[in-house]
Amino acid sequence: MATVIDSHFLALTAIVTVGYQLFFFIITALLKFDKVTDFAGSTNFVIIAVLTLVIKGSWHFRQIILTLLVVIWGLRLGLFLLMRILQWGEDRRFDEMRSNLGKLAIFWIFQAVWVWTVSLPVTVVNASDRDPSVQAEDIIGWIMWSLGISIEATADQQKLFFKNSPENRGRWCNIGLWKYSRHPNYFGEIFLWWGIFVASVPVLEGAEWLVILGPIFLTLLLLFLSGLPMLEESADKKFGNVAAYRIYKKTTSPLIPLPQIVYGNLPLWFKATFLFEFPFYSRSLPQEGPNWNRSSQEEIKDELKMS
């Protein structure tokens with residue numbers, strides 16, 4: 001089919017994304033109904049992937065596979081988050097935004113940027129006329145996506161099960177994958193989008209390599225802005241005075257799943273340099289009391305022996 005607006009569909013996808021997010025922003029602002037926020041973000045990825053595939057009309061094998069991977073991820077995450085928020089009630093992220101139209105607008109603008117940027121690898125692949133045979137990068141990327149979505153989906157279900165159990169009320173999730181990572185769902189999401197980028201590599205030429213900004217943007221977003229920092233701060237404020245939680249935090253990797261006995265014995269400089277254990281993740285953690293250190297160290301040693 002003929003080129004639409006621009007050869008790489010960058011303007012087209014930007015217009016569609018802004019329009020889609022604007023529609024849900026109006027619903028949220030007028031009705032004070034923020035339960036569709038995550039659904040709007042996830043399904044926007046699906047719309048971009050399918051739209052660019054259909055408009056280009058080349059139906060190359062690589063285009064179909066990458067589009068299918070995005071559709072599976074977007075629908076699974078979107079429906080999961082929608083069902084979860086309908087079950088749990090209001091989204092606490094919007095407690096300060098519902099009455100502040102400016103802050104709400106900034107959030108939706110940022111969500112549009114997130115969708116458009118992270119979708120870049122699939123957008124450019126679907127717009128391309130090049131169709132090299134399946135290469136090692138394709139296989140590696142598909143495997144990364146498969147591992148990533150498996151980790152993300154498993155972690156989501158484990159936490160949902162944990163939260164829905166009455167005996168776990170008021171506790172932090174430390175079962176299953178959450179015993180090896182404080183945020184295994186985010187690790188899975190980052191890993192699968194890097195997989196999609198890797199699978200797009202055989203098609204890329206010249207400036208098209210800038211689509212790497214997609215997974216980079218997602219990684220930085222979750223590590224430094226809306227992902228880990230917000231959740232770490234919330235958990236520290238809730239459980240920071242609980243010795244068992246402090247032990248969990250000292251012995252559990254923030255992102256990359258690792259056995260607690262391994263992570264707990266690594267030096268702080270190594271954790272900060274290679275495993276994303278940044279100091280600002282603990283800025284809301286209450287200061288340890290004068291007698292806390294000795295007893296907590298003994299508990300940590302016992303915990304590591306049992307791990």
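Which helix gives the most to the nonpolar patch? I would like to start there, keeping in mind that what we are looking at is a predicted model.

The answer is α1, which contributes four residues to that patch. The patch lies on the surface and is formed by Leu22, Ile26, Leu30, Leu31, Phe33, Met83 and Leu86, which together have about 700 Å² of accessible area. Two helices, α1 (10–31) and α3 (61–88), each supply at least two of the patch residues. Phe33, for its part, sits in the loop between α1 and α2 (37–56). Is Phe33 buried, partly exposed or exposed? Its relative accessibility is 31%, and because partly exposed covers the range between 20% and 50%, Phe33 counts as partly exposed.

Let me now step back to the protein chain as a whole, where the secondary structure comes to 13 helices and zero strands, so that reading along the sequence gives α-α-α-α-α-α-α-α-α-α-α-α-α. The chain has 307 residues, and 48% of them count as buried.

My last topic is a pocket. Rolling a probe the size of a water molecule over the atoms shows where empty space is left. The second largest pocket has a volume of about 300 Å³, and its lining is made of 13 residues, with Lys249, Lys250, Leu268, Glu277 and Ser282 lying nearest its centre. Two or more lining residues come from each of the helices α10 (243–251) and α12 (268–274). What is the character of the residues in the lining of this second largest pocket? They divide into six nonpolar, one polar and six charged.

Definitions and conventions
Residues are numbered from 1 along each chain as its sequence is written. This is a predicted model: local features need pLDDT of at least 70, side-chain atom pairs count only at pLDDT 80 or more; totals for chains, interfaces and linings use all residues. Side-chain values use heavy atoms; hydrogens and water are left out. Patches are made of residues with over 30% relative accessible area and no salt bridge: like charges are joined within 9 Å, nonpolar side chains (Val, Leu, Ile, Met, Phe, Trp, Tyr) within 5 Å. Accessible areas come from the Shrake-Rupley method with a 1.4 Å probe; for residues, only the protein chains shown count as cover. A salt bridge is a side-chain nitrogen of Lys or Arg within 4 Å of a carboxyl oxygen of Asp or Glu. Buried means under 20% relative accessible area, exposed over 50%, partly exposed in between (1.4 Å probe, protein chains only). On a 1 Å grid over the protein atoms alone, a cavity is a set of points where a 1.4 Å probe fits but cannot get out, and a pocket is an open set with protein on both sides within 12 Å along at least five of seven lines; lining residues have an atom within 4 Å of a point. Grid points are joined across faces, edges and corners, and a volume is the space filled by probe spheres set on the points. Ala, Val, Leu, Ile, Met, Phe, Trp, Tyr, Cys and Pro count as nonpolar, Asp, Glu, Lys and Arg as charged, and the others, Gly among them, as polar.
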